[in-house]
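Biologist: Got a minute to go through a model with me? I'd like to know what stands behind each label.

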Amino acid sequence: MHPTEDFRIGSEPDEHATAVVADLGLGAVLDAMSGGDPFFLGVATAAVLSGLDDPGAIAYRQDVLRDCMADPGSVRVLYDLAVAALEVQRKVWRPYARSPESVLRWGVESLGMLMESLRELRRFATDHAGELSSAGFRRFFAVVGEELDDAYLDEVTAHLDRLGFRQGMLLGADLGPTNRGAHHTVRVPAGSRLTIGQRLGLGARRGLSFTIAERDEAGIRALGQLKDRGVAGLADAVSRSVDHVVGFFECLRTELAFHLGCCSLAARLDRSVPRCFPTVVSADQSYLSGRTLCDPGLALRLDGPVVGNDLQADGRALVVVTGANQGGKSTWLRSVGIAQLLAQAGMFVTAESWTTSVRRGVFTHFAREEDTAMVGGKLDEELLRMSGIVDLLAPGSMVLSNESFASTNEREGSEIARQVFTALAASGVTVLAVTHLFELADGLNRQDDPTVLFLRAVREEDGRRPFRLVEAEPLPTSYGRELFEREFGVRPDGAPTLGGLGAAPEKLADRPACPDARQAGSARRRDLRGTP
Amino acid sequence: MTFHSILDPPGGTEPVGHAAQPDHFVDLGLDHVVAAITAGREDYDLQSLFWSPLGRVSHVRYRQEVFADLADERVLGAVRSFSAAVVTMRRQLDQARSQPEHHHSRAWFLCAAESYCGAVRALTDALASAPIVSAGLVGLRGFLGEHVAGPTFTALDAERTAARAALRSVRYCVHVQGLRVRVSSHAGEEDYGETMIALFERFAGAPAEDHRVAATDRSFMDRVEAAVLERLARLFPDAFGALDAFCDRWATFPDPTLIAFERDVQFYLGVLDYLLPIRTGGLPVCLPDVSDVATETTAVDAYDIALAHHLVATGAMVVTNDVHFGPGEQLLVVTGPNHGGKTTFARTVGQLHDLAALGCPVPARAASLGLVDRVFTHFVHQENLAEQRGGLADDLARVHAILRSATSRSVVVVNELFSSTTAADAALLGSAVIDRLLRSGAIGVYVTFLDELASLGGPVVSLVAEVDRHDVAARTFRVERRQADGRAYAIALAAHHGLTADRLRQRLTS
């Protein structure tokens, strides 16, 4: 998973991460990766939501994943081996009452079982070293081959035998501050040169003995405590060893679950959906471009081909998307967000080609449908949510906004959005905003800022929507009234006027649509300016 | 230089004035202040110190100087460490007395001597280079310098070091087989736990869970431990002999002057601990300029210390106010809306004088105060309101008692006097009381609803608890010096509801 760091599943996704999953429709992608296995789902979620920020590490993981996708069968065998090793946690119960002696017994038994799994792992490494050739696998096999050689495994087994204390227990100690025995440790009688008698201190050294009476229960208990103090350190060492080996297998299992999950996702996607390993560059350059980017979530939900879009937003700080309702704007926004997350997780993306910079977190601010009922507090809620996101932002973050601040009138919403988006873009955050706030889009357009890109969802002359986005300046109205007419069979008379623009847009919307949308835009703007 | 006590200068211990809490402490909230200061220091019996105001300005300055020195973090840290070590020493001596096993008990005694010697040395070293100027701490430094260089402490320190070194050299082995235990000296056997850790360290990576079972802290040795220890004493007679000799010779080692210092300095530590959250909350604290005869009583940015201590814990803002008695001014009459900060202001004035007379810092940015002989308070007690006539009689009796005792060095704080009678009566009685109060020469604060009392003039100054001009529902808790004008508040409240004359005209004509 990483050239130098272990992969770990962190805590549960927070409120913000949960929003990202919901807003981007990531659930379908994660489900496809999990194949219904909750462990796989947890790994996939953690990996996708906590991507890497080092292009080198991303390339390293991409290479391992290429290996795995070429031979998923072998990876599955290795995964099953790790799962079998971890069975030890179920077979040997960790003592509930943790006296050092019981902990020691548990540790010795667990280690005995884990040694068998380590031997199997070694055999697998010997058999498959040639087939899986990425840097990640080469490194893994090298470690297994060198560190777990037979001599080492035999030595461990021999030590586990000796922990039975058949010849009594020899404890070393010194005096603590109050003359109580301190620093008790189990000692190895010094070397084989000594006779049994010498080892037990019966030889040259002076010693004093006493014996606990067989019926002296308190004395026997006290003796047990003395031995417990003695083995405490050893029990700790053995237990840590168990934890280390278990941790090793857990790490292996987790990492392989991610790669197997990626293989599942690839298998579940329709053949027509393009996929490629993206080029990920460091955060100090601003790249965001490629060909035929699709929304994998949509592809999985439809279980068939989906429309892809090309994008050239290299060097752009703010991308504003306007245009036809149901024209594919939200889907496009999701596809960019998902591609960013997958790219930083070291995965393939659903595009013919894709280049992006490492970004410090992907954040979503989507209008919440469920909030429409609570008119009063909705803008408040939106502002609160945006404020929560801003708390987490850093230069280099990516914010995906879908119809933000549409819960108030256009004048207010545009002004809030303008201030928020331009401030974020100016501080190094990449903002992708889908909006129908014309005052916002038009105002930004008039500024002629080369770091702002305008896209528009295409609407054909006959009203069909090909779900494509083209580079085009914003138009003063969306096509909602038309959809309304189609749905209801009547014109939406009495529909709310467009904020501060007064009656002008109303009038304009009544004009027949121009054949060329771009021309129509400029024509309307001229008209607008001419309105007294 | 001789050192007497950190609380009072040589040659004059202040007599403990009150064996019980003064009557006015509850009204001023000082009961809570003292309880919080002494909490956790019950063993030192400090309360009576706070009930005993100092009678001489020189004694106040003696304590103020110590407080000023303790403002230096290093000095304060050194004193805190010393106190903590002495507390540890006491616990260790308790153990030495209660442990039945001889060698175990004696080791506890050695621990106590170690704590003590370490504490004395550390304090001596810290004070030697510390920027202290107070007579109290400079005197202590002189005492410590002589004491530590003296033959008694030198010998104690050397002998406890030697005794410990001998015990530290003891290394032994215990072999347990069945029920037989053999104790012997150690001969370099290898630690098996280390062998195991070395063997498995190649799997290291994840920080493993700590499996070490917590050592149970049993206060008494079990019989196996005792038996092992008894045999060790025979195997290592030199080490254990040195311990016995040390204990016999130094049975009563702590110096009484230093032990008394450790108790007395709790007064300072308690006050500073109490002030810490208040200071952290951004509120000013100062050592007031205290004089025998106050020509002018002033406090800048003063506040109720008990309220502030409570509020900073909740993160709420604390409003400060200036207190000022100009030349010839004796009584501040405070009027204004309910819950506008009138009573808080009155309490503040009382607290300033009480704390100043203890030599403590006061809740203000800067203050110049007279040393008062007594603070008197008369606050409305809820139970008095139940029975009106009894209430009025009781009010009069209590006020009379105050007027009889008040002197030109007293502070009198009166809150809502005669609230149990009619306004006209209250105004009349109030004027009469104020007249007598002025004649006693005391200074004071008089909280009332009655504007008449605020406009008596002369030595009587009118203060008003302000409301926010824009939002009358919001209190500012600021108390300003200006003419009482009860109607201004009502007009503002009316405006808030659109009910002023102008607004009503507008509303009615539109």
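Modeller: Sure. Keep in mind that this is a predicted model. Let's begin where α6(B) starts: a side-chain oxygen of E101(B) comes to within 2.8 Å of the backbone nitrogen of H103(B).

Biologist: What makes that pair, E101(B) and H103(B), a polar contact?

Modeller: The cut-off is 3.5 Å between N or O atoms, with one able to donate a hydrogen and the other to accept it. The oxygen of E101(B) and the nitrogen of H103(B) are within 2.8 Å, so the pair passes.

Biologist: How do you know what span to expect for α6(B)?

Modeller: Helix α6 (residues 102–128) of chain B has 27 residues. The expected value is 1.5 Å times one less than the number of residues, therefore 39 Å for this helix. From first C-alpha to last, α6(B) reaches 39 Å, close to that expectation.

Biologist: And why is α6(B) called mostly covered?

Modeller: A residue is buried if its relative accessible area is under 20%. In α6(B), 20 of the 27 residues are buried, so "mostly covered" fits. For chain B, buried residues make up 52% of its 510 residues.

Biologist: What is the rest of chain B like, in secondary structure and surface?

Modeller: Chain B has 20 helices and 13 strands. It exposes about 23400 Å², with carbon and sulfur atoms supplying 55% of that. Also, of its contacts between residues at least 6 apart in sequence, 75% join residues at least 24 apart.

Biologist: On to the interface. What makes D174(A) and R171(B) a salt bridge?

Modeller: The rule wants a side-chain nitrogen of Lys or Arg within 4 Å of a carboxyl oxygen of Asp or Glu. For D174(A) and R171(B) the N to O value is 3.8 Å, so the pair qualifies. The count between chain A and chain B is three salt bridges, and 13 residue pairs are in polar contact across the interface.

Biologist: Which element gives the most to the side of chain A that touches chain B?

Modeller: That's α11(A), with 21 residues.

Biologist: How many residues take part in the contact, and how much area is buried between the chains?

Modeller: Chain A puts in 77 residues and chain B 63. Between them the chains bury about 6500 Å², 58% of it on carbon and sulfur atoms. In chain A, R180(A), L208(A) and F210(A) lose the most area to chain B, together 12% of what that side buries.

How values were computed. Residues numbered from 1 in each chain as written. Chains lettered and ligands numbered in written order. Predicted model: local features only at pLDDT ≥ 70, side-chain atom pairs only at ≥ 80, totals over all residues. Heavy atoms only, no water. Helix = DSSP H or I, 4+ residues; strand = E, 2+ residues; numbered from the N terminus. Buried < 20%, exposed > 50% of the residue type's maximum accessible area, 1.4 Å probe, protein only. Contact = heavy atoms within 4.5 Å. Areas by Shrake-Rupley, 256 points an atom, 1.4 Å probe, with all protein chains shown as cover. Buried area = accessible area lost by both parts, 1.4 Å probe.
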